[in-house]
Amino acid sequence: MSEAVRIGDPGPRPAFPGPWALPVDLRDELRARRRGPFPAGENRPSLRNTWRFRHDVLDLLRDCYERHGPIFGLRIVFGYNLALIGPEANHFVLVSGRQNFGWRFGRMGDLLTLVGDGLLTTDGDYHDASRAILMPAFHKERVRAAAAVMREESAAAVDSLPAGGTVDVYEWTRTLAMRIAMRALFGFDPDSGRAGEVAARFESGLSFHAREFPMQMLFGPGTPLARLRRDRAALEEMVGAEVARRRRAGADGADILSSLLASTDDEGRGLTDRQVLDHVLTLLFAGHDTATSTASFLVYELARNPEWADRIAAELTDVCGPRDPRPEELFEALPVLTRSVDEALRLYPPAWIGPRRSVRDFEFGGVRAPAGIPCFYSSWVSHRLPEVFEDPDRFDPDRFLPERRARWPRGAYVPFGMGPRVCIGKRFGYTEVHAIAAALVRRFRFELPARYELDVHQAPTLSPGGGMPVRLTPR
Ligand code: HEM
């Protein structure tokens, strides 16, 4: 572990979160412009591009990629951003050129008010030391323990569904994923008032990020920002009380909060209460919406492609008979289900954008780019490039057959990122989506309402705007 930062030290230096970073961005852009030209792109302010970034971002970025290639500028509102798109760009941002980019001062910093200094909003030694402490909580055996919770909660949630009728699958999955998080992350009884309050405060805090940009910039009482701060303060109090209770009791449960409280660095020093809180809220943020959206988008595609739902159902019957799959069966024994989950993650990777800030001048694909600029890679756009994925908008789980997959260039498929900062909860989230999908497909056929049109929202993660009504018929 580095000499510079130890667990227990104060957090990293403050950043301006959210739209208030705009003046800093403009100052840095002016400084960078004095040092040389910028990459080609959509560099002038454009109301149309700003609107499209919010409402039609996939096609906007695909159009820009066609026009300008894998690295281009894009001005949203007044803020300049640099996009790096495609397999090589993903590999560059995440692996070979990752030293050129930081997370905290990119748009990831927008999350600071809600989640504090967790893995998503820190860099360098502080991040690496924290990640090393958190890793044991995501080891195979820990996730297996959580998988038992996922299986039990999914079965109970499916049993509570009406035998026929239309259900908002997105809302249903969101409630289920929150119950799973409350048990697996905090060790809370999800039926207790305490768990309900934490969940409600967290959801309320999260809703800030779905507000339009100008609303997010307002200061003063009654604004969305004031509400966000109240939510964070309430979470600090509630989770803080639980941390204090656990420290007094000294009990080690199977949940992730317990393993955070028990973890120490090489010198036996543990996390402070504030660090535990920030990590737990970051995990809740990173894990809750992502799993919910993936399971919902998978159901959507299975409703449109019922032959795949039938193939998964047949596989489940072959392998498990009348019971839900055991944790160890989820990946190894159910390849059709796994390929379908992988394909849903290709078409709708919930963490669709990876925001960064360039920390030094760099060169990619023969194009020079300056330090101090907000940058991003995008799994979503990269997963939909026709030169990489044939017929890219079509749901085709068989493209994940090993012989077809072997032909993809490195960096082509990155729903969990890649490299040293690949999603720490990958096994957890992947297991959760498998468990939820298996429980649903085993019992129901899916059908979309006649005039339903999917409207993909993207703030902060991809989700079906207006929910996802699905007609369920027992198998
Ligand atoms: C289907 C589910 C999930 C998907 C698709 C997903 C996706 C991702 C992606 C793409 C990244 C990298 C972002 C970037 O490069 O900018 C990431 C990072 C991260 N994810 Fe996940 N995630 C999922 C579930 C989870 C779960 C369940 C947890 C925790 C309980 C979690 C915790 C994290 C954390 C803490 C990071 C930051 C890691 C670091 O920087 O060291 N994720 N995730």
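## Learning to read this model

Mentor: Let's start at Asp391, which is found in the loop between α17 (379-383) and α18 (402-405). Keep in mind that you are looking at a predicted model.

Trainee: Is Asp391 buried or exposed, then?

Mentor: Count the neighbours: 12 or fewer other C-beta atoms within 10 Å makes a residue exposed. Asp391 has 9, so it is exposed.

Trainee: What about its backbone? What is the phi of Asp391?

Mentor: The general idea first: most residues other than glycine have a negative phi. Asp391 goes the other way, with a positive phi of about 45° although it is not a glycine. Val77 is another non-glycine residue with a positive value, its phi being near 50°. You'll find Val77 in the loop between β2 and β3. It has 14 other C-beta atoms within 10 Å, so it counts as partly exposed. For a glycine example, look at Gly187, which follows α8 and has a positive phi near 75°.

Trainee: How far should I trust the coordinates?

Mentor: Where pLDDT is low, the predicted coordinates should not be read in detail. Here the protein chain averages a pLDDT of 90, and 95% of the residues score at least 70. The stretch to be careful with is residues 1-8, where the pLDDT is below 50; in the model this stretch has 20 contacts beyond near neighbours in sequence.

Trainee: Now the overall picture. How many helices and strands does the protein chain have?

Mentor: There are 19 helices and 13 strands. The radius of gyration is 22 Å, close to the 23 Å that the globule rule gives for 475 residues, so the chain is as compact as a globular protein of that length. Its C-alpha trace spans about 70 × 55 × 45 Å along the principal axes, and 45% of the 475 residues count as buried. Look at the contacts too: among those with a separation of 6 or more, 75% link residues 24 or more positions apart.

Trainee: How do I read a sheet? What is the strand order in the open one?

Mentor: Follow the partners from one edge to the other. The six strands of this open sheet run in the order β1-β2-β3-β9-β6-β4, with mixed pairing. At the edges stand β1 (41-42) and β4 (101-102), each with a single partner strand, so one side of each has no neighbour in the sheet. Start at the β1 edge: two bridges join β1 to β2 (residues 71-76), and the two strands run parallel. Glu42 has Leu74 in β2 as its bridge partner. Helix α2 (residues 47-55) lies across β1 and β2, at about 100° to β2.

Trainee: Which strands pair with β13?

Mentor: Strand β5 (residues 166-168) pairs with β13 (residues 469-474) in the antiparallel sense over three bridges, and Val167 stands opposite Val470 there. Strand β10 (residues 444-447) also pairs with β13 in the antiparallel sense, over four bridges. In that pairing, Arg445 is opposite Thr473.

Trainee: Show me a residue where distant parts of the sequence meet.

Mentor: Try Leu84 in strand β3 (residues 79-84). With 26 other C-beta atoms within 10 Å, it is buried. Leu84 and Cys375 are 291 residues apart in sequence, yet 7.5 Å apart in space from C-alpha to C-alpha. Residues that Leu84 touches include Pro70, Phe92, Phe364 and Tyr377.

Trainee: And helices? What should I check?

Mentor: Length first, then surroundings. Helix α7 (residues 140-159) reaches 28 Å between its end C-alpha atoms, close to the 28 Å expected for its 20 residues at 1.5 Å a residue. In α8, 18 residues should span 26 Å, and the end C-alpha atoms are 25 Å apart, which agrees.

Trainee: Which residues of α7 are buried?

Mentor: An α-helix has 3.6 residues a turn, so residues three or four places apart point the same way. Among the buried residues of α7 are Val143, Ala146, Ala147, Met150, Ser154 and Val158. Their cover includes α8 (169-186) and α19 (426-443). As for α8, 16 of its 18 residues are buried, so the rest of the structure largely encloses it.

Key:
Residues numbered from 1 in each chain as written. Predicted model: local features only at pLDDT ≥ 70, side-chain atom pairs only at ≥ 80, totals over all residues. pLDDT = per-residue confidence, 0-100. Contact = placed C-beta atoms within 7 Å. Pairing = 2+ DSSP bridges. Buried ≥ 20, exposed ≤ 12 C-beta atoms within 10 Å, placed from the backbone. Rg over C-alpha atoms; globule rule 2.2 N^0.38 Å. Expected span 1.5 Å × (residues − 1). Axes fitted to C-alpha atoms, helices over the stretch in contact; angles between N-to-C directions.
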